[in-house]
Number of protein chains: 2
Amino acid sequence: MIPQSLRDAIKVTRAAGRKIKFLYLIPNYQNPTGVLLPATRRTEILAICREEGIFVVEDNPYGLLGFDRPSPNAMRAEDSENVIYLGSFSKTIASGLRIGWALVPQSLKDKLVIASESSILCPSNFTQLTIANYLTHQPWRDQIASFCEVYKVRRDAMLESLAEHFPQEATWTKPGGGFYVWVNLPPEIDTKAMMPKAIVAKVAYVPGTAFYADGFGSWSMRLSYCHPTPERIREGVKALGHVVKQEMSRRGSALN
Amino acid sequence: MIPQSLRDAIKVTRAAGRKIKFLYLIPNYQNPTGVLLPATRRTEILAICREEGIFVVEDNPYGLLGFDRPSPNAMRAEDSENVIYLGSFSKTIASGLRIGWALVPQSLKDKLVIASESSILCPSNFTQLTIANYLTHQPWRDQIASFCEVYKVRRDAMLESLAEHFPQEATWTKPGGGFYVWVNLPPEIDTKAMMPKAIVAKVAYVPGTAFYADGFGSWSMRLSYCHPTPERIREGVKALGHVVKQEMSRRGSALN
């Protein structure tokens with residue numbers, strides 16, 4: 001997120017008479033692009049939001065999944081009164097437990113407890129105790145370090161095979177952690193319309209439009225390298241590259 | 001619920017220009033009163049709601065906890081297109097798993113899935129598998145039958161000691177299942193204001209106002225017999241009866 005674009009968006013939104021309640025951010029290895037928000041931008045964005053009276057919701061499920069170096073400090077570490085921090089065990093220990101945590105400004109705490117109670121009454125204490133026990137008795141730091149090794153190899157496999165098999169018109173992010181690569185194709189490609197062809201080739205992805213509220217993202221796609229083996233990733237990217245090239249040539253001929 | 005009162009309430013609510021989306025009911029051993037909705041009233045209420053275009057939400061956490069005879073048929077068994085049925089394992093197998101289920105009219109199914117996804121994404125598959133495994137491999141019917149024996153003894157202990165220790169002006173329900181007895185005291189008693197005195201006497205209850213949206217219920221209380229042993233129930237009801245009698249005599253003198 002570019003701080004100046006945030007300033008502009010705040011102006012435009014307020015000029016349209018709309019109230020801004022909070023800014024939602026995934027600063028580390030964001031879903032869907034895998035990008036990291038640099039430390040200096042974090043500070044600047046925090047200052048803007050404080051100035052403008054806008055809470056920041058800092059969602060950090062991927063923060064411990066940096067491959068090459070530790071992630072920058074959490075934004076909440078700089079501003080505990082204006083940042084609602086959300087943590088999760090879903091990407092590190094077990095997604096099926098559905099347990100996370102929130103660090104909340106004192107002023108919002110009671111309201112959040114009531115909102116949570118009226119939505120779910122309480123989270124499962126069985127799964128909370130399971131996590132607590134795991135954190136107490138298992139070497140979870142080593143476990144996460146070994147996950148990072150696994151994911152790093154998979155990221156490398158994906159980036160290498162994208163370079164090998166995707167058309168030169170395509171561009172993509174180079175994530176330093178997390179699960180995702182964001183690919184931009186030439187704008188004549190509609191990734192949602194192309195999806196059935198990819199599935200026939202035994203590859204799935206999330207079309208870019210899923211991450212926009214306004215229909216944007218139609219020539220982009222999110223690829224995930226977290227689950228398949230490196231061999232399967234190479235195979236999948238190769239097959240998907242073939243689908244993309246076919247689609248480009250089909251669209252190209254249609255345009256001519 | 002008295003069917004004619006439902007007809008009246010629908011009329012009054014609509015006359016005030018308010019839309020009615022659904023009727024929420026706990027037909028079996030209701031929380032907070034422990035009462036059972038008789039089969040004939042169920043049929044009549046279903047007919048009213050069908051006529052008036054109002055969905056019925058049938059919440060049935062206590063249906064398997066009948067002490068003396070099985071509960072009447074679920075309302076959904078009579079009208080699967082107008083009843084949203086909610087089941088739960090919380091009162092029978094384990095409250096800490098937070099797993100239940102819904103049987104939903106076909107017309108509402110997709111909307112409910114989207115509402116659930118946007119609220120919680122998905123329930124824990126770990127706890128779902130735990131329940132599925134338990135239901136497959138454990139004698140859960142026998143387990144619930146033995147719970148019913150336990151709760152029945154506790155209900156009897158509560159009803160007997162209420163008769164023994166509560167003032168004759170008090171009245172209460174005689175539940176045929178579930179966890180709760182609803183006690184009505186003389187109207188000069190404010191059960192919420194009396195609560196700290198009960199807690200000093202080491203007894204807790206839920207003040208009646210908690211179950212009304214409009215401040216009604218101030219001289220009522222919900223007692224639960226599910227957790228304590230019969231001995232502790234007798235002790236507790238005796239101590240609470242003493243608090244109530246003191247409060248009545250204090251209020252009585254204040255009135256005079």
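How many disulfides does a search of the whole structure find over all chains? The search returns zero. The structure is a predicted model, and the account below takes up its cysteines, the interface of its two chains and one serine of chain A.

**Cysteines**

Two cysteines of chain B illustrate the absence of disulfides. A disulfide requires two cysteine sulfur atoms within 2.5 Å. For Cys122(B), the closest cysteine sulfur belongs to Cys226(A) and lies 15 Å away, so the separation is too great for a bond. For Cys226(B), the closest cysteine sulfur is that of Cys148(B), at 13 Å, and this pair is likewise too far apart for a bond. Cys122(B) is partly exposed, and Cys226(B) is also partly exposed. The table sets out the distances and accessibilities.

| Cysteine | Closest cysteine sulfur | Sulfur–sulfur distance | Relative accessible area |
|---|---|---|---|
| Cys122(B) | Cys226(A) | 15 Å | 33% |
| Cys226(B) | Cys148(B) | 13 Å | 21% |

**Interface of chain A and chain B**

Contact between the chains involves 13 residues of chain A and 13 residues of chain B. The two chains bury about 900 Å² between them, and carbon and sulfur atoms account for 62% of that area. On the side of chain A, the greatest losses of area to chain B fall on Gly96(A), Arg98(A) and Phe126(A), which together make up 50% of what that side buries.

What polar and charged interactions accompany this burial? Eight residue pairs are in polar contact across the interface of chain A and chain B, with both residues of each pair at pLDDT 80 or more. The count of salt bridges between chain A and chain B, by contrast, is zero.

Which elements give two or more residues to the side of chain A that touches chain B? They are helix 3 (106–120) and helix 4 (125–137) of chain A. Helix 4 of chain A gives the most, contributing four residues. By residue class, the side of chain A that touches chain B comprises six nonpolar residues, six polar residues and one charged residue.

**Ser161(A)**

Ser161(A) lies in helix 5 of chain A, which spans residues 140–165. Is Ser161(A) buried or exposed? Its relative accessibility is 2%, and Ser161(A) therefore counts as buried, the cut-off for that class being under 20%. When residues up to four places away in sequence are left aside, Ser161(A) touches Phe166(A), Ile233(A), Arg234(A) and Val237(A).

Conventions:
Residues numbered from 1 in each chain as written. Chains lettered and ligands numbered in written order. Predicted model: local features only at pLDDT ≥ 70, side-chain atom pairs only at ≥ 80, totals over all residues. Heavy atoms only, no water. Contact = heavy atoms within 4.5 Å. Buried area = accessible area lost by both parts, 1.4 Å probe. Salt bridge = Lys/Arg side-chain N within 4 Å of Asp/Glu carboxyl O. Polar contact = N/O pair within 3.5 Å; in protein donor to acceptor, adjacent residues only side chain to side chain. Nonpolar A, V, L, I, M, F, W, Y, C, P; charged D, E, K, R; others polar. Buried < 20%, exposed > 50% of the residue type's maximum accessible area, 1.4 Å probe, protein only.
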